Amino acid sequence: MTNKVNAAGPADPAPGNRHRAGGKSRRRTRIVVAASTATLALVAVAATANAASGGNAVSAGSASSPERIGSAPKTPKGAVATGNTTAGTQLHLSVDLAPRDPQALKDFVAAVSTKGSAQYHHYLAKGQFADVFGPTRATIDQVTAALRSAGLNPGDVSADGLSIPVTATADQASHAFGTGFTNLRLKDGRTAYTNTSAPALPAAVAAKVAGVVGLSNFSQVASHHMRTPKAAPVAGTKHTARATGATSPTMCGSLTTSLSGQGLTDGVNYFSPGKVANAYGMSTSPTAGSGVTVGVYELEKVDTTGINDYQNCLGTNVPVSYVTVDGGPSAAPSVSGNVGVESTLDIEDLIGLVPGASIITYQGPDASTATDQNTVDVYQQMVTDDQAKVISTSWGLCENLTNPQTVAAEANVFAEAAAQGQTVVAAAGDSGSTDCYPDNGSTALTVDDPASQPLVTGVGGTSMKLTNGTTTESTWNSSWTGGAGAGGGGVSVQPSQDFQAGFASSGHREVPDVSALADPLTGYPLIVSDSTGAQSFVEGGTSGAAPTWAAAIAQTDSSAACQAAGPIGYANPSLYFAAQSSAPAPFRDITTGTNDMASSGYTGGQYKAKAGYDDATGLGTPQAGGLAAALCNGAPAPAKGAGTYHSMAPQRLLDTRHGIGWNGSNNVPAGAVARVRIEGNAGIPRQGVTAVVLNLTAVQQQTVGWIGAYPSGSPRPSTSNLNWNAPGARANQVTVPVGGNGWVDLFNGSSGSTAMLADVAGYYTNDTTGSKFDPVTPSRVFDTRGKTPVAAGGTVSFPVAGKDSIPNNGTVTAVVLNTTVLDQKSIGWLGVYASNNITGTSNINWNGPSALPNLVTVPLGPDGKVAVKNGSAGTVDVFADVFGYYSANGSFTYTSVASPQRLLDTRLGIGHNGALAAGATVNLAGIPAGAKAVVLNVTEVDGHAPGWLAAWAAGTPPTGTSNLNWSGPGANPNAVLVPTGTGASVSLMNSYGGPVDAIADLFGYFS
């Protein structure tokens, strides 16, 4: 395995460049909406705009031409079409609107959920969503008018502005939305109907509609609970066994006797609330969860009698209230009919673990008759009420059977929940890696919605064992007479998420995020009552795991840390952040088992539990002792960044082609993040690192694009570090702060995948143990042009110590060289090293003749020399300009800016109005006072013939050196480390024969 970059084929002709468009910014009370302001990362023109609705247009005509919204549902496996749907069939629909600025909402959710952000935990108040992020009144009126014009009778918009109810016949809906309807006979014998095409509306309206829910009714969400056949009557549920002054809920004698009569033992065949709490480090106080309200999602009538009996048995008095949605359920609780059992598990689990909390149960229509609209309506009611800060749902459906229109509507509701600081946890399913298996017999690998929604925390399942007081867990995957189950998990159709960078590498959202006890063979003891009387049995499934995590979140919300900082809210970013950096650990890592059910046909362990994150159990099970510090306000600021420099021989920390620092395919998907471990890697200290110097390389690009580097755990900045206009290896040095978790994130800003490499050259610490920096007037220390080029495969050393202003006294630890290669004869690479340590890493990569520069921070050899190695099959010319050096006797330390600042963008009139004319010089303003040298990322755009840019201290003569060279069109970036001059400014000159656009971003400075 080599460390060298495999260069791609010849470069394609490159078009010009454009920046990404933005939106508006809004403020309300204590809200600062990080709206989609003009995003300044450099992006080539070939990048396409995002479609407003993601649909396939019916035509590309005027604003009144019809346009499809989203896609039609997939016909379930085994379903048979039985003819057209009767014209008079009544449909209860919801036309779901997009937020007024989806990117602004996304940015706000990221800000309030990201540690280190100024908006962290500054949530929207109840009722603010419609005014801040809901569609405008004009949009609502426009959509309403369009529906009326189509012959429909829309109702009033919802309180959050996201949905308009419509009741219509199939015939009316067919004409209004441009779709046919067909009847289906499903594999299980049920009959249903479905639309045959995605709904269409006039283009101007369709762009503002997220989806139309209710056009089909074959989707039937299911509860995720399971029980073994054992059950027995239970009588005398008063808490006769609880001693006076007891400090925790304890099961009464009649319940334990009933369970023992079935041969069941606490800690072996089931886990009582106290033992579950102990296993997960949760409080067993009768006031645990005090002040927190938990909302429970149900599609059945609750067994209130059984729940009262359970409270009597435990001696608790948890307030449980009930809200009906869309008329609520009608079928009476029945153990044999499996009605009321799910809600009993959800509520009794919570009662035992958070006896100090309040519970609100939202009940929609019976699951057997609930439509897609009903299922979304319940979530929407829970969110718009905003009474429960923790929402638990144990109902779901495999993604392959979930209507895409429903998924889109759910996503907006869950975004509203995140903006308001509500945590949503969802059961990940009970059929392992094949979530559709119990619904229609499909053995396709799939996961469960809504657990797979990015704004939801998906909860998988474990089996638990207690031996001599020690709890151990493994992936839930068990069978018993008449049944089998396994914790849901796998790869979603949802796109990859930033919070899973470094954990999931499939290019998609992966679930579960976390897990908890779910195996019914070691599950939760319940009291359930129906017309036949009260019974006790043990229940499991991820329906038990989800409320257990809801209880863990509720206990954390009630902690002093969260009481001061606000509720956890959208938990996923903090959960994954905590998995990398927190002590004490907030999770028990599950490392054994697989979630493939043997009955599904998979026996090879598609998703095996392993150290760290896995698709069988996620990050692991809760350890409450670490949750409060990890999820409230206890994380370190993610953007470190000041101090002295520690030089090191280049080492490769990331190479996605070969699995170095990356466990996925060789390409990082479009819009995905590769996370690079810095602290504790390659001899770098495990703590105290503030910033790192990396040589970043992109290869195997599929489209034009860019990469942005930033501290892990911080909001992604709008600036870029490496840009390309065509396939081909491109490299650039970056100096980036290290996240509070010790990692750096690399974002693929292109519309296609790319492979990434990152080589470390050194790092900064916020102390005096390293070297300080001294800038020098730039000068040329090496140039082969007109002399002897570097031979194919050859290495040439040249002296730097003693040249110009560089000391030759043995104190210099590293020098900063701007190195340029040109006159290449074949594809290849160039490496720059200390003369005594040729490591084989690369600094500059090329696919053909082209002048290519890169800033290199490189140690000096004992002889004061630097070596360059030509990794191509032909000769190359190389020249190098020195800009400064690090030494024990240096003068200045480094400070990273909190977020990269754009000092110049001639395209947008920032720092200079219009393109930089040939021979023109611009002084960069905005550099902090006192800065003696700056670290910039400079990018040239639209230079159509060979040219160069030069940077030097303002107020001094040009030095004759170059910083950025190019041979033709395209976005050409390079890092620049340059001294400052008059007014802490830097001069930048265009040497090209025509005007060019230039961009300069400030990443840090020395003072």
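Numbering the bonded cysteines of the chain in sequence order, what is the pairing? The exercises below lead to the answer.

The model is predicted, so local features need pLDDT of at least 70 and side-chain atom pairs count only at pLDDT 80 or more, while totals for chains, interfaces and linings use all residues. Residues are numbered from 1 along each chain as its sequence is written, and side-chain values use heavy atoms, with hydrogens and water left out.

**Exercise 1. Find the disulfides and state their pairing.**

Step 1. A disulfide is a pair of cysteine sulfur atoms within 2.5 Å. The whole structure holds 3 disulfides.

Step 2. In one of them, the sulfur atoms of C252 and C313 are 2.1 Å apart. C252 lies in the loop between β15 (232-233) and α6 (253-260) and C313 in helix α8 (residues 304-314), so the bond ties together parts that are 61 residues apart in sequence. Helices (H or I, at least four residues) and strands (E, at least two) are DSSP runs, numbered from the N terminus.

Step 3. C398 and C436 are also bonded, with 2.0 Å between their sulfur atoms. The torsion about this S-S bond is about 95 degrees, so the disulfide of C398 and C436 is right-handed.

Step 4. C562 is joined to C632, S to S 1.9 Å. Here the torsion is about -95 degrees, so the disulfide of C562 and C632 is left-handed.

Step 5. In sequence order, the pairing of the bonded cysteines is therefore 1-2, 3-4, 5-6.

**Exercise 2. Describe the salt bridge of D745 and R675.**

Step 1. A salt bridge is a side-chain nitrogen of Lys or Arg within 4 Å of a carboxyl oxygen of Asp or Glu. By this rule there are 15 salt bridges.

Step 2. Between D745 and R675 the N to O distance is 2.6 Å. D745 belongs to strand β40 (residues 743-748) and R675 to strand β35 (residues 673-677), 70 residues apart.

Step 3. Both D745 and R675 are buried; buried means under 20% relative accessible area, exposed over 50%, partly exposed in between (1.4 Å probe, protein chains only).

**Exercise 3. Characterise the largest nonpolar core.**

Step 1. A nonpolar core is a set of buried Ala, Val, Leu, Ile, Met, Phe, Trp, Tyr and Cys residues joined through side-chain atoms within 4.5 Å.

Step 2. The largest such core has 88 residues, of which W549 and L575 touch the most other members. Helix α13 (residues 542-557) gives the most to this core, with 7 residues.
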